[in-house]
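Welcome, and please open the structure in your viewer. We will go from stop to stop, with a selection to make at each one.

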Amino acid sequence: DGEVLINELKNGNTETFWNPTSEVRRQRLKRHIVLFEEQTDFESERLWQHVTSAINKGDQHKATQEKFVLEEEQRNAARERRESGTEWKPLLFRHDAGTNEWHYKYEDLRPWDPLNDIAQFEKDGILQTMERHLSTRMSNCKATCINNQITRHKRSAKDCRRRKTSDQPSNHSQNTESSCSTPESAQELSDDDGKYLGFESLCAQCGKEVDHLKEIHSAVLSLQKAQQDIHR
């Protein structure tokens, strides 16, 4: 977000290649990093802090020295492991003996799906993708709740009809309306019927899914705003 100049060595002319306005600087993307004090010894910012500091000060000699110290420590550690027969077990990478290459254990090579994928984030060194399929799971769970209540309602109505058509019906039951009514099919039930049957009361799992979806919805709104800022 700083000024970039082009220096033409042939004629000595200098022209501005990029000079962001204050408005552009205000709209820059925020950099999200782990706090320095929370980083482990082998995370890049902490591990290379002395090299970085020297580069920022323009001291290339000091930067080279600090880089050599780090590399020498790594070589010594590798030599000690070989001598003691200790196997190096990476946490996030696996070695492919066929190609002699290292691969990230949790790599996700599928294309980004804008209809299902919401955001990608890192947690404990593992890249993860937040997906919309949670709403599908919630819908399936809610449908299961409704189907279970329909089954119970039908079973109750069936018992009522069985009592109504028993071998020895009472005169009272023949001459008055039955307290039981024949349920409508699941396809014919309206929203009001669903409420009447108590379908609006979701199970505990559905409630958790609803809360989670609210959090996702809030995150999506934040992402949409960021996208609008990027487009501007």
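Start by selecting N100, which sits in the loop between strand 3 (93-96) and strand 4. Helices and strands here are DSSP runs numbered from the N terminus, with helices being H or I of at least four residues and strands E of at least two. N100 has a positive phi, near 60°, although it is a residue other than glycine. Is N100 buried or exposed? With a relative accessible area of 58%, N100 is exposed. Buried means under 20% relative accessible area, exposed means over 50%, and partly exposed is in between, using a 1.4 Å probe and protein chains only.

Before moving on, a word on what you are looking at. This is a predicted model, in which local features need a pLDDT of at least 70 and side-chain atom pairs count only at pLDDT 80 or more, while totals for chains, interfaces and linings use all residues. Residues are numbered from 1 along each chain as its sequence is written, and side-chain values use heavy atoms, leaving out hydrogens and water.

**The whole chain**

Now zoom out and colour by pLDDT, the predictor's confidence in each residue, from 0 to 100. The chain averages 76, and 68% of the residues score at least 70. Select residues 166-201 to find a stretch where the pLDDT is below 50. Beyond near neighbours in sequence, this stretch has 29 contacts in the model, a contact being heavy atoms within 4.5 Å.

Switch to a cartoon view and you can pick out 8 helices and 6 strands. Followed along the sequence, they come in the order β-β-α-α-α-α-β-β-β-β-α-α-α-α. Of the chain's 232 residues, 13% count as buried. A surface view shows about 19400 Å² of accessible surface, 51% of it belonging to carbon and sulfur atoms. These areas come from the Shrake-Rupley method with a 1.4 Å probe, and for residues only the protein chains shown count as cover.

**Strand 4 and its surroundings**

Return to strand 4 (residues 101-104) and select W102. Which residues does W102 touch, not counting those up to four places away in sequence? They are P90, F93, R94 and H95. You can also draw a distance from the C-alpha atom of W102 to that of L92, 10 residues away along the chain, and read 10.0 Å.

Keep R94 selected and add E107: their side chains meet in a salt bridge at 3.6 Å, N to O. E107 lies in the loop between strand 4 and strand 5 (117-123) and R94 in strand 3, so the pair ties together parts that are 13 residues apart in sequence. Both partners are partly exposed, E107 at 34% relative accessibility and R94 with a relative accessible area of 38%. A salt bridge here is a side-chain nitrogen of Lys or Arg within 4 Å of a carboxyl oxygen of Asp or Glu. The whole structure has 10 of them. Select D108, R110, D117 and E131 as well, and you will see a network of salt bridges linking them.

**Helix 4**

Next, select residues 60-84, the 25 residues of helix 4. At 1.5 Å a residue this helix should span 36 Å, and its end C-alpha atoms are 36 Å apart, which agrees; the expected span is 1.5 Å times one less than the number of residues. Within helix 4, highlight A63, E66 and L70, which are buried. The buried residues of this helix pack against helix 2 (44-47) and helix 3 (49-56).

Look closer at E66, which is buried with a relative accessible area of 17%. Leaving aside neighbours within four places in sequence, E66 is in contact with H50 and V51.

Further along helix 4, select R75 and E72, which form a salt bridge with their closest N and O atoms 3.0 Å apart. The two lie 3 residues apart, about one turn of the helix. An α-helix has 3.6 residues a turn, so residues three or four places apart point the same way. Just after the helix comes G85, with a positive phi of about 70°.

**Last stop**

Finally, select R232 and D229, whose side chains meet in a salt bridge at 2.1 Å, N to O. At 61% relative accessibility, R232 counts as exposed.
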